[in-house]
Amino acid sequence: MYHTIGAMKRFIFDRLVDRQNICDLVREQELLNRYVEQRAHVVVYAPRNYGKTSVVKNIISEEFRCKHKRCFVFFAELMEVRSMNSLEARLRSAFERSFEESFPLRNLLDNARHFLSSLRPELSIDPLTGSPSLSLGITEQHSAITIQSLFNHMANILQEIPGLIVLDEFQDIAHIPEASGTMRAAFEEIDVAPIILMGSKQHLLSDLFAKPEAPLSAWGTDLEFSPIPYNEYHKYIAERFKQNSLALSLENATYLQDLMQRVPEAINRLCQQILDLNTGKEIEKSDIAVALRELMNNRESRYETYLAQFSPTEERVLIAVAGSSGVRKPQSKTFLARVNLTSRSVGQIFKRLMYRCILEKNMSGYRISDPLLAAYLKYYR
């Protein structure tokens with residue numbers, strides 16, 4: 001349960017953040033709006049839970065719709081696609097949903113017949129909601145609807161009206177050998193609209209866009225979301241703490257942000273826990289520790305179940321990484337002695353954990369991607 005503060009000022013987590021509750025990210029918003037105006041191709045990178053999807057869906061896409069009363073916005077989530085069939089199914093479903101969201105209900109069928117006459121669109125009543133629902137016939141004709149034909153349909157739409165194409169967690173197509181070449185060919189159909197590809201797994205994005213031999217090599221302009229400045233997040237936290245007459249110094253706000261690896265979702269979750277436990281006081285580091293412990297206690301069964309999937313050696317490596325501020329050289333003598341494993345074993349484990357995005361690499365070295373999991377391992381292991 002969230003506390004309310006004035007006009008919608010809350011700590012948001014577990015879902016997309018609305019415009020009023022996005023902290024900073026002004027630079028990223030300005031750049032994305034500029035790229036959209038230029039009809040550019042953009043590759044957006046940020047670790048998970050940094051706010052990139054919230055910015056693109058709740059700000060950039062909405063501002064685009066406001067500027068263009070009649071437009072087509074295509075948004076597809078590609079997390080965990082593992083085959084060409086699953087990729088095609090995800091894009092087909094997203095196309096139907098995006099088409100329905102892009103046109104007013106009163107002339108939805110007319111637009112479908114105009115742009116997609118070959119798909120035999122039909123308007124029916126949803127039996128669950130009683131609301132009109134558009135069927136484009138894509139699911140029924142799935143054997144005839146390919147990625148290329150979907151993008152051909154989009155290209156035809158975008159010849160007549162402004163459009164925006166967004167593919168989230170795009171890096172997961174790296175698991176599908178032929179997907180990057182197929183997507184490159186599909187993108188070449190779109191020459192009048194901006195395309196935004198978003199990802200949270202930097203090593204997979206690198207495989208797709210940085211390797212000279214990759215089909216998507218040199219495609220698009222890169223935009224990386226930076227950590228939110230300490231002072232901006234301090235102001236954001238302080239504004240929300242006011243509801244319980246709580247005060248927080250910049251020093252302790254900085255400590256809290258570093259403790260959560262400067263990941264907005266984790267920061268907001270911990271701040272909400274502090275808000276639930278305290279009223280009318282100055283928040284000290286001891287209060288932050290108590291709130292974090294309470295948060296860990298509440299999530300203990302979840303993490304224990306999750307950790308059961310790892311082998312004893314993998315868990316030993318995770319514990320060692322959690323106990324460090326960043327492991328620069330996993331195969332150094334110091335780290336090998338700490339985990340009591342060979343250089344080869346550590347190399348294989350790190351590769352597996354990186355592939356599954358349980359570990360990530362930044363300028364400080366390797367660390368656990370989820371700051372709350374890292375805290376749990378540190379406290380309970």
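**Exercise 1.** In this predicted model, determine which residue in strand 6 stands opposite Val 44, and then place the two strands concerned within their sheet.

*Solution.* Val 44 stands opposite Met 198 in strand 6. The next step is to look at the strands as a whole: strand 1, residues 41-45, and strand 6, residues 195-199, pair in the parallel sense over five bridges. Widening the view, one finds an open sheet of five strands with parallel pairing, in the order 2-5-6-1-7. Strand 2 (72-77) and strand 7 (221-224) each have a single partner strand, being at the edges, and so one side of each is left without a neighbour in the sheet. On average, and with direction ignored, neighbouring strands of this sheet are turned by 15 degrees against each other.

**Exercise 2.** Identify which residues touch the most other members of the largest nonpolar core, and list contacts of Leu 32.

*Solution.* The largest nonpolar core has 80 residues, of which Leu 32 and Phe 241 touch the most other members. Once neighbours within four places in sequence are left aside, Leu 32 is in contact with Val 42, Val 44, Val 55, Val 56, Ile 60, Ile 196, Leu 223 and Phe 225. A second core, separate and of 46 residues, includes Val 81, Leu 150, Phe 170 and Trp 219.

**Exercise 3.** Establish which element supplies the largest share of the lining of the second largest pocket.

*Solution.* This pocket holds about 220 Å³ of space. It is lined by 13 residues, and those closest to its centre are Val 43, Tyr 45, Leu 205, Phe 209 and Asp 222. At least two lining residues come from each of strand 1, helix 7 (202-209) and strand 7, and helix 7 gives the largest share, with four residues.

Methods
Residues numbered from 1 in each chain as written. Predicted model: local features only at pLDDT ≥ 70, side-chain atom pairs only at ≥ 80, totals over all residues. Heavy atoms only, no water. Pairing = 2+ DSSP bridges. Axes fitted to C-alpha atoms, helices over the stretch in contact; angles between N-to-C directions. Core = buried A, V, L, I, M, F, W, Y, C linked by side-chain atoms within 4.5 Å. Buried < 20%, exposed > 50% of the residue type's maximum accessible area, 1.4 Å probe, protein only. Contact = heavy atoms within 4.5 Å. 1 Å grid on protein atoms, 1.4 Å probe; cavity = no way out; pocket = protein on both sides within 12 Å on 5 of 7 lines; lining within 4 Å. Points joined across faces, edges and corners; volume = space filled by probe spheres on them.
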